[in-house]
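Okay, thanks everyone, let's get going. I'll put the structure up and walk you through it piece by piece.

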Amino acid sequence: MAKGSLGIGRHLIAWAVLYLAVALAPLFVVLVGDRPPHRGFWIEFGVALGFVSLAMMAMQSVLTARFSTVSTAIGQDNLLQFHRQAGIVAYALVVGHPVVLILAEWDNWAFLDPRANLLRAAALWFALVAFPVLILSSLWRQQLKLPYEWWRLGHGVVAVLLVVVGLVHITRVAYYLASPWKLGLWLLLGVASIGCVVWVRVVSPWRAGRSPYRVEGVRPLADRTWSVTLEPTSDDPSDVIRFRPGQFAFVTLAESPYSLEQHPFSIASGAETHDRLEFAVRELGDFTGRIGTVAPGTRAFVDGPYGAMTLSSDAAGLFAVAGGIGITPIASMIRTIADAGLRMPVVLVYANNTPEDIAFAAELDRLALDLGDDLVVVHVLNRPPDGWDGPTGFVTAELLTGLLPDADRDRWQYVLCGPPPMMEAAENALLDHGVPLARIDSERFDIGAAAATGRRHANVRRLVVAIGAVLLAASVVFAL
Ligand SMILES: Cc1cc2nc3c(=O)[nH]c(=O)nc-3n(C[C@H](O)[C@H](O)[C@H](O)COP(=O)(O)OP(=O)(O)OC[C@H]3O[C@@H](n4cnc5c(N)ncnc54)[C@H](O)[C@@H]3O)c2cc1C
């Protein structure tokens, strides 16, 4: 994926431009053809805020629709970050809509007055209250201890209701939508928005259900860590999904692909292994805590592959920093390099608490022997046993600096996967030593933490804020 100095990739920039065009479209459409009389700056400004915020709300589901090609080009992490920030900006604009209209003309309060029209007021109050609940329950999901599956279901239902309420609202007010084609465009946006939810909840599971897998085996890999191997139920090896090393998939272990319990795991097998998929799963909560007891033969469904953190085979070398179970996408990359016979030097810094936590330990030793100088593995232990002579504690800038390549530093690929503080520290150390952000790829296993960390994520947040500012400015121009 080509990335500029912001490290967010031209695909994401292209997406942002498209996003802006769709969000601005309602204002342009209103200006085409017959226009009702202008009602003064503040009224028109308030109306414009309503239009652009509804368009943003409708596009929220497009961002999380898990279209594999989009996810591969832009990165699921970046899309989620965009979605999160766009939700906050859209809410600010949504609130601006009634506030500006009421301040401009007190009579507009009637829209929110149940005595004037109970159903209309209830729907609008629902939108004003449900939207912040949607945002706060997402930002504080872990602190509120909301079970992920139920939070995800509720989030989807409320989001769809908000879009429906918004569409009904503008069609009932209908000040600027007298022509059927203008109304038709809004309905198209609404259908596309809800269609994306149907895609994720109905079409994707249905597609996964057409090529089911079964659990071939579950084996211990390290302390509280299991290797889970899936094979297709058919005899056709082409039923195994093709992926790029580093990508992940959503795995369901159930009789039906429509089960709510669907978890993302990086694919640990090498991309040259075509007859099965291996995942490495560390016990963390309800689902992963039971993974060691899953019986061979259990039905499984795989939705993927997703993710943009993939091996660049044209890089001069691979510099990987893994923490704990963050080794899985990197294991896939190293296995692919070895299986495909790619002549590519690899440096792996692998941090764990104890030797018992090291996943793929024996295999990494064997690969280091096979690949010779082309694979350097440096284990870092936080709680080393007596007699350990390797690095201890956390992964530090000094440690990474000593291992960085002397030549062609700009042409290497750097991948980071592990606990967010480790990734943050490693990213800062690499940037401080002149590694361009565009050469650093990372994947966060903790969706919540992904919101707060990383230089690239900060740039994605700035991009969305800039989009919000453009929409605000466009609303002013529209009102003038
Ligand atoms: C892109 C990606 C790749 C991952 N790869 C691996 C891997 O290779 N090996 C591994 O052990 N773990 C991986 N994880 C983490 C793994 O998905 C979670 O540990 C697992 O879903 C936790 O489920 P639980 O019910 O056991 O724990 P819970 O206690 O229910 O959840 C713990 C936390 O995990 C996250 N989570 C839970 N369920 C889901 C879900 N369905 N979808 C997304 N996030 C969820 C939530 O942030 C939640 O707060 C990956 C996560 C992501 C996002």
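So, start with strand β1, residues 213-222, and strand β6, residues 299-306: they run antiparallel and are joined by 2 bridges. For the strand and helix labels, I'm using DSSP runs numbered from the N terminus, helices being H or I with at least four residues and strands E with at least two. Strands count as paired if DSSP finds at least two bridges between them. One bridge you can look up is arginine 214, whose partner in β6 is arginine 299.

Quick housekeeping. This is a predicted model, so local features need pLDDT of at least 70 and side-chain atom pairs count only at pLDDT 80 or more, while totals for chains, interfaces and linings use all residues. Numbering runs from 1 along each chain as its sequence is written.

Back to that pair of strands. They belong to an open sheet of 6 strands, in the order β4-β3-β6-β1-β2-β5, with antiparallel pairing. β4 and β5 are at the edges with a single partner strand each, so one side of each has no neighbour in the sheet. On average, neighbouring strands here are turned by 40° against each other, direction ignored. Axes, by the way, are lines fitted to C-alpha atoms, for helices over the stretch in contact, and angles run from 0 to 180 degrees between N-to-C directions.

Now zoom out. The protein is split into domain 1 (10-208 + 461-479), domain 2 (212-306) and domain 3 (318-455), with bounds from an automatic or database domain assignment. The C-alpha centres of domain 1 and domain 2 are 36 Å apart. Between those two, 10 residues of domain 1 are in contact with 9 residues of domain 2, contact meaning C-beta atoms, placed from the backbone, within 7 Å. On the domain 1 side, α3 (68-74), α6 (148-173) and α7 (180-210) each supply at least two residues, and α7 gives the most, with 4 residues.

There's a second open sheet, with 5 strands in the order β9-β8-β7-β10-β11 and parallel pairing. Its edge strands are β9 (375-381) and β11 (440-442), each pairing on one side only. Here the average turn between neighbouring strands is 15°, direction ignored. Helix α9, residues 327-340, packs on this sheet and touches β7, β8 (346-352) and β10, with its direction at about 150° to that of β8. Strand β10, residues 413-417, pairs with β11 over 3 bridges in the parallel sense, and tyrosine 414 stands opposite isoleucine 440 in β11.

What about the loop between β6 and β7 (318-323), where alanine 316 sits? Alanine 316 is partly exposed, with 16 other C-beta atoms within 10 Å; the scale is buried at 20 or more, exposed at 12 or fewer, partly exposed in between, with C-beta atoms placed from the backbone. Leaving out residues up to four places away in sequence, alanine 316 touches Asp408, Arg411 and Trp412.

Last stop, the ligand. Which residues come nearest, of the 25 around it? They're Tyr148, Gly285, Phe287, Thr288 and Thr328, where "near" means a C-beta atom, placed from the backbone, within 6 Å. β4 (263-266), β5 (277-282) and α8 (286-289) are the elements giving two or more residues to this shell. And why do we say the ligand lies between domain 2 and domain 3? Because domain 2 and domain 3 both give residues to the shell.
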